[in-house]
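Visitor: Could you take me through one part of this model in detail, beginning with a single polar contact and working outward from there? I would like the local picture set against the chain as a whole.

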Amino acid sequence: MNSKRDMKERIKFIKRYVEWLKKTPNGVWSAQQAEFINALLENAKNFPLSKKEYLKMKEKAKKLAVNSVFLVDKNIQK
């Protein structure tokens, strides 16, 4: 993973998107945004976990990551 490269790509994309928004009629871009948002909402209905289950899984992953870093640090110090 290259976070600097990723950040540059994101900024480049945002600038291109802003330019597209400026030259595209409101009716066109707002229709596309509505379609995109509706697709996200529809897809969310198919998500296999409830909000509570997702947050619980995310918290477990966070704890595992912290423990992994701790173990790596501990092994490096030996």
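Guide: In this predicted model, the side chain of Asp 6 makes a polar contact with the side chain of Arg 5, at a distance of 3.4 Å. Asp 6 sits in helix H1, and with a relative accessible area of 18% it counts as buried, because the cut-off for that class is under 20%. The contact also qualifies as a salt bridge, with the closest N and O atoms of Arg 5 and Asp 6 lying 3.4 Å apart. Arg 5, for its part, has a relative accessibility of 46% and is classed as partly exposed, so this pairing joins a partly exposed residue to a buried one.

Arg 5 has a further partner, since its side chain also meets that of Glu 9 in a salt bridge, at 3.6 Å from N to O. Both Arg 5 and Glu 9 belong to helix H1, where they stand four residues apart, about one turn of the helix. Glu 9 is partly exposed, its relative accessible area being 47%. As a general point, side chains of opposite charge can pair when their charged atoms come close.

A search of the whole structure finds four salt bridges, and one of them lies in helix H2, where the side chains of Lys 45 and Glu 42 meet at 3.3 Å, N to O. Lys 45 and Glu 42 are three residues apart within helix H2, again a spacing of about one turn. Lys 45 is exposed, with a relative accessible area of 64%, whereas Glu 42, at 43%, counts as partly exposed. Back in helix H1, salt bridges that share partners join Arg 5, Asp 6 and Glu 9 into one network.

Another residue of helix H1 worth placing beside this network is Lys 8, which is exposed at 64% relative accessibility. The C-alpha atom of Lys 8 is separated by 33 Å from that of Pro 48, a residue 40 positions away along the chain.

Following the chain onward, helix H1 covers residues 3-23 and helix H2 covers residues 26-45, and Thr 24 is located in the loop between them. Thr 24 is buried, with a relative accessible area of 11%. A polar atom of the Thr 24 side chain lies 2.5 Å from the backbone oxygen of Trp 20.

Beyond these two helices comes helix H3, made up of residues 51-77, and Val 66 is found there. Val 66 counts as exposed because its relative accessibility of 53% is over the 50% cut-off. Between the C-alpha atoms of Val 66 and Asn 26, which are 40 residues apart along the chain, the separation is 46 Å.

With those local features in place, the chain as a whole can be described. The protein chain contains three helices and zero strands, and its pattern along the sequence reads α-α-α. The radius of gyration is 20 Å, where a compact globule of 78 residues would have a value near 12 Å. Along the principal axes, the C-alpha trace spans about 65 × 35 × 10 Å. Buried residues make up 3% of the 78 residues, and both Asp 6 and Thr 24 are classed as buried. The chain exposes about 7800 Å², of which carbon and sulfur atoms supply 62%.

The charges complete the picture: there are 19 positive and 8 negative side chains, and the centres of the two sets lie 6 Å apart. Arg 5 is thus best read within its surroundings in helix H1, because its salt bridges are part of the network that also holds Asp 6 and Glu 9.

Methods
Residues are numbered from 1 along each chain as its sequence is written. This is a predicted model: local features need pLDDT of at least 70, side-chain atom pairs count only at pLDDT 80 or more; totals for chains, interfaces and linings use all residues. Side-chain values use heavy atoms; hydrogens and water are left out. Buried means under 20% relative accessible area, exposed over 50%, partly exposed in between (1.4 Å probe, protein chains only). A polar contact is a pair of N or O atoms within 3.5 Å; within protein, one must be able to donate a hydrogen and the other to accept it, and residues adjacent in sequence count only if both atoms are side-chain atoms. The radius of gyration is taken over C-alpha atoms; the globule rule is 2.2 Å times the number of residues to the power 0.38. Accessible areas come from the Shrake-Rupley method with a 1.4 Å probe; for residues, only the protein chains shown count as cover. Lys and Arg count as positive and Asp and Glu as negative; His and the chain ends are not counted. The place of a charge is taken as NZ of Lys, CZ of Arg, CG of Asp or CD of Glu.
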